[in-house]
Amino acid sequence: MSEKLPYGTNLPTDSGTAEATAVPTETIAIITGGARGIGRHLSEAFANAGYHVVVTATSAERAEKAAAEIVDATGGAVTGLGLVVDEIASVQEFKDSVLSLESDTGRRLQVLVNNAGRIESTEGPLWEADPQSIKDVVAANVTGVALMVNAFAPVLIDAAKTTGRPSRIIDLNSGSGAQGTPAYAVYSASKASLFRIADSVVHFGHDQGLRIFEMAPGVVETEMTKSMPVHDFRGEGDWTSPEQVTDLAVALASGELDAFTGRYVRAGADTERNLATLDGNLSSESRRMILGA
């Protein structure tokens, strides 16, 4: 190799004035794991906003059922497709289906929400965790996101070039990724890894019209979070509301917060309005995970 590899990502400084550039009625939005939990709330919000939403679940039957229910609830355009994000063949088959949907609807894929994920089945020291659970967390949270970006970044970039509007990826990250939760070491490590994936997307994709955001949903009351002992102390009012999550995600997809590409935002603490006031006052380290010198 003749050239020294670049280490570190210089974030773009040309985001310009905040402006909504998305056209939902011409756009497909994928929500992985969109059949239940936070993903279900996101699917309904994007359908209400006018996007053609692709809802995924590991079971095609469950995805199709969720899609039908979301259509009934929102009146929007929703398609349910089976997808196992950490299986190469499944991702490729899913990609083919999305490309067919583009052709059938005349809409372009310009939003990818990497929501599907897992957490250890128990909390505590890493050496007491179930080995299969450890493997499954890494597969869903790291391999799954990497395979989705690998498969769909070219589609998103092509759509950006064709429409003249940026395409956007939203990763469901976590405070555990930004600050760490010792009781869930592998989950924390998996979410921290998304910052490094985002760095690469910015480095190679920004000039081609690709934006990416690391969005923590806070702690939404779901079947998964209610089963976690670490949240036993929470009572009414101690949870992030689904609306706080969905409002922020839809705002990120709109383009009004493109200055935060490659950066971390948190529902419940951040809103579209307060983030807009920070635009133009972001250092290269702001809302990023910077380690070492």
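**View 1. Contacts across the protein chain.** Among contacts between residues at least 6 apart in sequence, 71% join residues at least 24 apart in the protein chain. The model shown is predicted. The protein chain holds 9 helices and 7 strands. Of its 293 residues, 48% count as buried.

**View 2. The open sheet.** The sheet has 7 strands in the order 3-2-1-4-5-6-7, and the pairing is parallel. At the edges stand strand 3 (77-82) and strand 7 (264-266); each has a single partner strand, so one side of each is left without a neighbour in the sheet. From one strand to the next, the twist averages 25 degrees. Strands of a sheet pair through backbone hydrogen bonds, either parallel or antiparallel.

**View 3. Strand 2 and its pairing with strand 1.** Strand 2 covers residues 52-57, and 6 of its 6 residues are buried. Both of its faces are covered. On one side lie H52, V54 and T56, and on the other V53, V55 and A57, all of them buried. Strand 1 pairs with strand 2 in the parallel sense, over 4 bridges. Within this pairing, H52 in strand 2 is the bridge partner of I28.

**View 4. The edge formed by strand 7.** Strand 6 (residues 210-216) and strand 7 run parallel and are joined by 3 bridges. V265 in strand 7 is the bridge partner of M215. Strand 7 stands at an edge of the sheet with a single partner strand.

**View 5. Helices lying across the sheet.** Helix 4 lies across strand 1 (27-31), strand 4 (108-114), strand 5 (167-172) and strand 6. Its direction is at about 150 degrees to strand 4. Helix 8 lies across strand 4, strand 5, strand 6 and strand 7. The angle of helix 8 to strand 5 is about 150 degrees.

**View 6. Helix 3 against helix 4.** Helix 3 (residues 88-105) packs with helix 4 (residues 131-163) at an angle of about 25 degrees, and their axes are 10 Å apart. That angle makes helix 3 roughly parallel to helix 4. The crossing of helix 3 past helix 4 is right-handed. From helix 3, the residues I88, V91, F94, K95, V98, L99 and E102 take part in the contact. They meet L147, M148, A151, F152 and V155 in helix 4. By class, this contact of helix 3 with helix 4 has 10 nonpolar and 2 charged residues, and no polar ones.

**View 7. Helix 1 against helix 8.** The axes of helix 1 (residues 37-48) and helix 8 (residues 242-254) come within 9 Å. They cross at roughly 55 degrees, and helix 1 and helix 8 are therefore oblique to each other. Their crossing is right-handed. I38, H41, L42, A45 and F46 are the helix 1 residues in this contact. From helix 8, P242, V245, T246, A249, V250 and A253 meet them. Sorted by class, the contact of helix 1 with helix 8 has 9 nonpolar residues, 2 polar residues and no charged residues.

How values were computed:
Residues are numbered from 1 along each chain as its sequence is written. This is a predicted model: local features need pLDDT of at least 70, side-chain atom pairs count only at pLDDT 80 or more; totals for chains, interfaces and linings use all residues. Side-chain values use heavy atoms; hydrogens and water are left out. Axes are lines fitted to C-alpha atoms, for helices over the stretch in contact, and angles run from 0 to 180 degrees between N-to-C directions. Helices (H or I, at least four residues) and strands (E, at least two) are DSSP runs, numbered from the N terminus. Angles under 35 degrees count as roughly parallel, over 145 as roughly antiparallel, 65 to 115 as roughly perpendicular and the rest as oblique. A crossing is left-handed if the near helix is turned anticlockwise from the far one by less than a right angle, and right-handed if clockwise. Contact means heavy atoms within 4.5 Å. Ala, Val, Leu, Ile, Met, Phe, Trp, Tyr, Cys and Pro count as nonpolar, Asp, Glu, Lys and Arg as charged, and the others, Gly among them, as polar. Two strands pair if DSSP finds at least two bridges between them. Buried means under 20% relative accessible area, exposed over 50%, partly exposed in between (1.4 Å probe, protein chains only).
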